[in-house]
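User: Please take me through the salt bridges of this model, and set each label against the definition behind it.

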Amino acid sequence: MTHKKFAHIYDEFMNFVDYKSWYKFLKSFFKNKKLKVLDLGCGTGTLASMFSKDGHSVTAVDISDDMIEIAKNKYSELDIEFLKGDITKDTFGEEYDLIMCNFDTVNYFENLKEFQFFLKNAHKSLKKDGFFIFDIVEEGIFEEIFLNDLFIDETDKYLCIMRHEKYKKFKHLVEMTIFVKENENLYRKYTETHKKIIYDTELILDNLKNEGFILYDTARNSEYGESRLFLVCKK
């Protein structure tokens, strides 16, 4: 799944996220050391930039050309390597202290095979005793976000209408209709369809174990919904 026009309203859409506390959580597993960080599904690069500003070496990857272009423009003064890549197919040969994949990117994978490749690639790219941290959403997230399968977000710059449909067991569609304000008299309409898979937690844990990861910790944060689970893994 590639964010297209949504990439251009992404930062405002994600304005509710307390990035500082999210960053603090990710950093809490490390003592004072300079890290080599791989951010998979980096979006417009906000978390990657926070690591970079603290002196860490950062490589950030996203499948969306638009996301990468926006990230490069936002943080051109920082020494971040922004790459376009498909984290369900591409490999990243170096070894990292931290590999992170945030904001339920994993739920956008289309099948278990893609998830298993993602785990295998992360394990190969992680240093011994390094941390692999990602989050997933569970079935309840749709009840938390959508009222009667609808969610509407309106700002001075856009109107976004999201319609949710569960079309198979564990599989969900989110259809987005976005009206972007171009001037006082014109809103331009765009549509995107996003697919999400809700993976069984035990299945995820089994695959982590099979790939050689140690489950170090799990966490929830009610600020981001009770149905969001953080998994902290070590090699």
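Analyst: At 30% relative accessibility, glutamate 12 counts as partly exposed, because the value falls between the limits for buried (under 20% relative accessible area) and exposed (over 50%), with a 1.4 Å probe and protein chains only. This is a predicted model, in which local features need pLDDT of at least 70 and side-chain atom pairs count only at pLDDT 80 or more, whereas totals for chains, interfaces and linings use all residues. Residues are numbered from 1 along each chain as its sequence is written, and side-chain values use heavy atoms, with hydrogens and water left out.

User: Why is lysine 157 called exposed?

Analyst: Lysine 157 has a relative accessible area of 55%, which is over the limit, and therefore it is exposed.

User: What makes the contact of glutamate 12 and lysine 157 a salt bridge?

Analyst: Their side chains meet at 4.0 Å, N to O, and the term requires a side-chain nitrogen of Lys or Arg within 4 Å of a carboxyl oxygen of Asp or Glu. Glutamate 12 lies in helix 1 and lysine 157 in the loop between strand 6 and strand 7, so the pair ties together parts 145 residues apart in sequence.

User: How do you know that arginine 188 and glutamate 182 form a salt bridge?

Analyst: The closest N and O atoms of arginine 188 and glutamate 182 are 2.7 Å apart, and the pair is therefore a salt bridge. Arginine 188 is partly exposed at 38%, and glutamate 182 is partly exposed at 41%.

Conventions: Helix = DSSP H or I, 4+ residues; strand = E, 2+ residues; numbered from the N terminus.
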